[in-house]
Amino acid sequence: MLSALIWLPLAGALLVAILPQGEKNQFSRTMALGAAALVFVWTAWLGFHYDVAIAGLQFVEHYPWIEWLGLNYDLGIDGLSLPLLALNALLTLVALWISPKDLHRPRFYYALFLLLQASVNGAFLAQDVLLFFLFYEIEIIPLYFLIAIWGGKKRGYAAIKFLLYTAVSGILILASFLGLAFLTESNTFAYSALHSDLLPLTTQLILLGGILVGFGIKIPFLPFHTWLPDAHVEASTPVSVILAGVLLKVGTYGLLKFGIGLFPLAWAVVAPWLAIWAAISALYGASCAIAQKDMKKVVAYSSIAHMAFILLAAAAATPLSLAAAEIQMVSHGLISGLLFLLVGIVYKKTGSRDVDYLRGLLTPERGLPLTGSLMILGVMASAGLPGMAGFIAEFLIFRGSFPVYPVATLLCMVGTGLTAVYFLLMINKVFFGRLTPELINMSPVNWADQFPAVMLVILLFVFGLQPQWLVRWSEIDTAALVASPTAIEISLK
C-alpha cells in the first residue's frame, strides 16, 4: 500500500518522459496532474483507514534488499509522517496546476516534479535510516534542475548553492547514521534496531551534532540559511511552493524522528542550547524580513523565523510542544505555499516583486482585489491570527515550551510579533494606496490561477477552527518521542 505512494509518481514520471507530447504540449501536463491526483486520492485512502488510536507504525512493508550491507526496503507510516504525506500530495497537485502551460522542455519539467514527489514520499515512509538517506539525496536532483533550468536570471548560482549546501547536509547525516550503526555493532540500518544508549554520552553528542547541523542546513536555521532566499528568488512559483511547503519539512521531520527518536539522552543535554538557537534564529529571520524589498525574500525569511518555532518545540520535548510542532509543519506548509503562490500571481501580472514599486493592487476596478484579499488572509494566518491554523500551531508551541524554556519562548513570541510588522509593511505598500499608472492596464487574473489559493485559505480556516481534525492524527506518536525521565531530569538541571 505504501509503495504506491512512491511508485505511482515514478511511473507517471517515466510515462511523461517517454511518451510523445501531442498537440500544444498538453499531454505531459495532463499525465502529471493525473499521477499527482492518484497519489492524492491514495494518500486520502490511507488516512481514512489509518487507526489514530494505535501508536507506532501501520501498513508496514518489509523486503530484504542488500542484505550484506544491512539495507532493507522498510516502509511504514505513523502520526508523524501521515500529515506530511498529505501535505506533499496536496501541494504537489497545486504546484502542477499552477505551472505555466507554455513551458519549454515540458516533459523534463513534469517528470522532475513527479520524481521529486516520489523521493519526498520515500523519505517520509522509510523506516531504514540508509533508505531514508537514499531518498533524501534523490530529491536533490530534480530540485536542482527545476531551479537551474526554469529559474530566474541567477538560477545557475542559486541552484549550485542549493546543491552544495544540501550535499554537505547529506554527508553529515550519513556520517551520523553510519557511526551509530557501526559503533553499536548493529548488523542492520533499521530504525527500530538502532539504540544510542549503548554508547558513551560524548559519542552520542558527536553523532547528534551531525544530525543537528545536517537537518539544520535543510530546514534551515541560522547560520546555514543563506541558500534559501537565493533559491526562492530564482525559483519559479511552483518550485517555491514545493520548496517552502514540503522540502523544508523533510528537515524538521528528520530532526524529530532521528534527533529525538535516536538520541533522547544526548538531545536532553543539548536542548537548552537548541532553545537559544531557536530564539536567535527566529529573531534574525524576522529582522531580515523587515529589511527586504523583494516580496519573495520577505516570505523566504519569514520561513526561517517560523521554522525556528519547531526547533523550540523540539527542544522543550513535551507532549504538547511536539504535537504543536507537527501542527506547525502542516500550517506553515499551507501558509508558505499560499503566499508564494500569490506572490507569483503578482509577479506574473505586474512583472515586479519590488515593494517600493508596486502600489494599490487592491484597487477593485483595475487591480488584483481577490489576490490582494487572499494575500491579506495568508498574512493574517502567518501572523497567528485566532481562527486560523497558524494561531493554533504557535499558541500550542509557546504553551508547551514556556514551562521548560520561558526566556527562549518569550523571545520567539517577539519573533512572531514581528511577523505582523514585516508583512503589514509589505501589504501596506503593495496593495493599498493609489494604483501606479504603469499598472493600470493589467489583465485580470484567471480564476483557475486563484482557485488553489482559495482552497488553501479554506483549509487554514478549517484547521484553525477545528484543530483536533489535525492533532488527532499525530498526538499519540509525537508523545512517544518525549525523552526518558532521566534525560528530562538532566535537561532541567
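Glycine 433 follows α16 and has a positive phi, near 95 degrees. The model is predicted, with a mean pLDDT of 90 for the protein chain and 97% of its residues at 70 or more. Over residues 483–493 the pLDDT falls below 50, and this stretch has 14 contacts in the model beyond near neighbours in sequence.

**α16 and the loop after it**

The buried residues of α16 include Ala408, Thr409, Cys412, Tyr422, Phe423, Val430 and Phe431. The partners of the buried α16 residues are α11, α12, α13 (319–350), α14 (369–382) and α15 (389–401).

Arginine 434 lies in the loop between α16 (406–431) and α17 (447–465). Arginine 434 counts as exposed because its relative accessibility is 77%, and the cut-off for exposed is over 50%. Leaving out residues up to four places away in sequence, arginine 434 touches Arg359 and Gly360. Its C-alpha atom is 8.3 Å from that of leucine 361, although 73 residues separate the two along the chain.

**Leucine 361 and the nonpolar core**

Leucine 361 touches Val430 and Phe431, and also Leu435, Leu439 and Met442, among other residues more than four places away in sequence. Leu361 is also one of the residues with the most contacts inside the largest nonpolar core, which has 177 residues; others in that group are Phe132, Leu256, Phe258, Leu262, Met295 and Met375. α12 gives the most to this core, with 17 residues. In soluble globular proteins, nonpolar side chains tend to be buried together.

**α11 and aspartate 294**

Two helices can be checked for length against a rise of 1.5 Å a residue.

| Helix | Residues | Expected span | Distance between end C-alpha atoms |
|---|---|---|---|
| α11 | 28 residues | 40 Å | 38 Å |
| α16 | 26 residues | 38 Å | 37 Å |

For α11 the end C-alpha distance agrees with the expected span, and for α16 it agrees as well. α11 nevertheless bends by about 50 degrees at valine 270, and proline 272 follows within four residues.

Aspartate 294 sits in the loop between α11 (264–291) and α12 (295–316). Is aspartate 294 buried or exposed? Aspartate 294 is buried, because its relative accessible area of 19% is under the 20% cut-off. Apart from neighbours within four places in sequence, aspartate 294 is in contact with Val233 and Arg353. With arginine 353 the contact includes a polar one between the two side chains, at 3.0 Å.

Terms used
Residues numbered from 1 in each chain as written. Predicted model: local features only at pLDDT ≥ 70, side-chain atom pairs only at ≥ 80, totals over all residues. Heavy atoms only, no water. Buried < 20%, exposed > 50% of the residue type's maximum accessible area, 1.4 Å probe, protein only. Polar contact = N/O pair within 3.5 Å; in protein donor to acceptor, adjacent residues only side chain to side chain. Contact = heavy atoms within 4.5 Å. Expected span 1.5 Å × (residues − 1). Bend = angle between axes of the 7 residues up to and from the residue. pLDDT = per-residue confidence, 0-100. Core = buried A, V, L, I, M, F, W, Y, C linked by side-chain atoms within 4.5 Å.
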